[in-house]
Amino acid sequence: EDQDFYGIGSRSTRWTTNLVITIVFSSISPLISLLGLINFFICRAWYGYLIPFTETRKPDLGGAFWVQKLRHIFIGLLIYSIMMT
């Protein structure tokens with residue numbers, strides 16, 4: 001499997017970007033939040049099967065990507081709030 005696109009770091013980045021885009025554009029059109037919710041439910045079903053059954057086992061990094069995702073979400077929403085004021 002290609003770690004540059006399908007790796008856990010890249011996947012986390014795509015999910016974080018999708019979340020920030022959903023939150024930012026939901027202030028313009030509330031329908032976007034419904035589409036974002038549908039997107040995350042589909043991703044949950046898809047990766048809920050993919051990660052435990054088809055991918056090779058990865059070492060546990062102790063939540064390093066989780067902390068990085070939270071920082072990226074915070075920075076994205078901080079930029080959004082600064083640009084809106």
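**Exercise 1. Locate Leu31 in this predicted model, and decide whether Leu31 is buried or exposed.**

Solution. Leu31 lies in helix α3, which covers residues 31-53. The relative accessibility of Leu31 is 52%. The cut-off for exposed is over 50%. Leu31 therefore counts as exposed.

**Exercise 2. Which residues make up the nonpolar surface patch that includes Leu31?**

Solution. The patch is formed by Leu31, Leu34, Leu35, Leu37, Ile38, Phe41 and Ile42. Its area is about 700 Å². A general point on helix geometry is useful when reading such a list: with 3.6 residues a turn, residues three or four places apart in an α-helix point the same way.

**Exercise 3. Check the span of α3 against the value expected for its 23 residues, and state where α3 is kinked.**

Solution. The expected span takes 1.5 Å times one less than the number of residues. For the 23 residues of α3 this gives 33 Å. The end C-alpha atoms of α3 are 34 Å apart, so the two values agree. A kink of about 25° is centred on Tyr47.

**Exercise 4. Which residues of α3 are buried, and what do they pack against?**

Solution. The buried residues of α3 are Gly36, Cys43 and Tyr47. Tyr47 is thus listed as buried and is also the centre of the kink. The packing partner of the buried α3 residues is α2.

**Exercise 5. Repeat the span check for helix α2, residues 8-26, then list its buried residues and what covers them.**

Solution. Helix α2 has 19 residues, for which the expected span is 27 Å. Its end C-alpha atoms are 27 Å apart, so expectation and model agree. Buried in α2 are Ser10, Arg11, Ser12, Thr16, Val20, Thr22 and Val24. Their cover includes α1 (3-6), α3 and α4 (64-84).

**Exercise 6. Is Lys69 buried or exposed, and which residues does Lys69 touch?**

Solution. Lys69 belongs to helix α4. Its relative accessibility is 18%, and buried means under 20%. Lys69 therefore counts as buried. Leaving out residues up to four places away in sequence, Lys69 touches Ser12, Trp15 and Thr16. Of these contacts, Ser12 and Thr16 are among the buried residues of α2.

**Exercise 7. Where is Gly62 placed, is Gly62 buried or exposed, and what separates its C-alpha atom from that of Ser81?**

Solution. Gly62 sits in the loop between α3 and α4. At 67% relative accessibility, Gly62 counts as exposed. Gly62 and Ser81 are 19 residues apart along the chain, and their C-alpha atoms are separated by 31 Å.

Conventions. Residues numbered from 1 in each chain as written. Predicted model: local features only at pLDDT ≥ 70, side-chain atom pairs only at ≥ 80, totals over all residues. Heavy atoms only, no water. Patch = residues over 30% accessible without salt bridge, like charges linked within 9 Å, V, L, I, M, F, W, Y side chains within 5 Å. Areas by Shrake-Rupley, 256 points an atom, 1.4 Å probe, with all protein chains shown as cover. Salt bridge = Lys/Arg side-chain N within 4 Å of Asp/Glu carboxyl O. Helix = DSSP H or I, 4+ residues; strand = E, 2+ residues; numbered from the N terminus. Buried < 20%, exposed > 50% of the residue type's maximum accessible area, 1.4 Å probe, protein only. Contact = heavy atoms within 4.5 Å. Bend = angle between axes of the 7 residues up to and from the residue.
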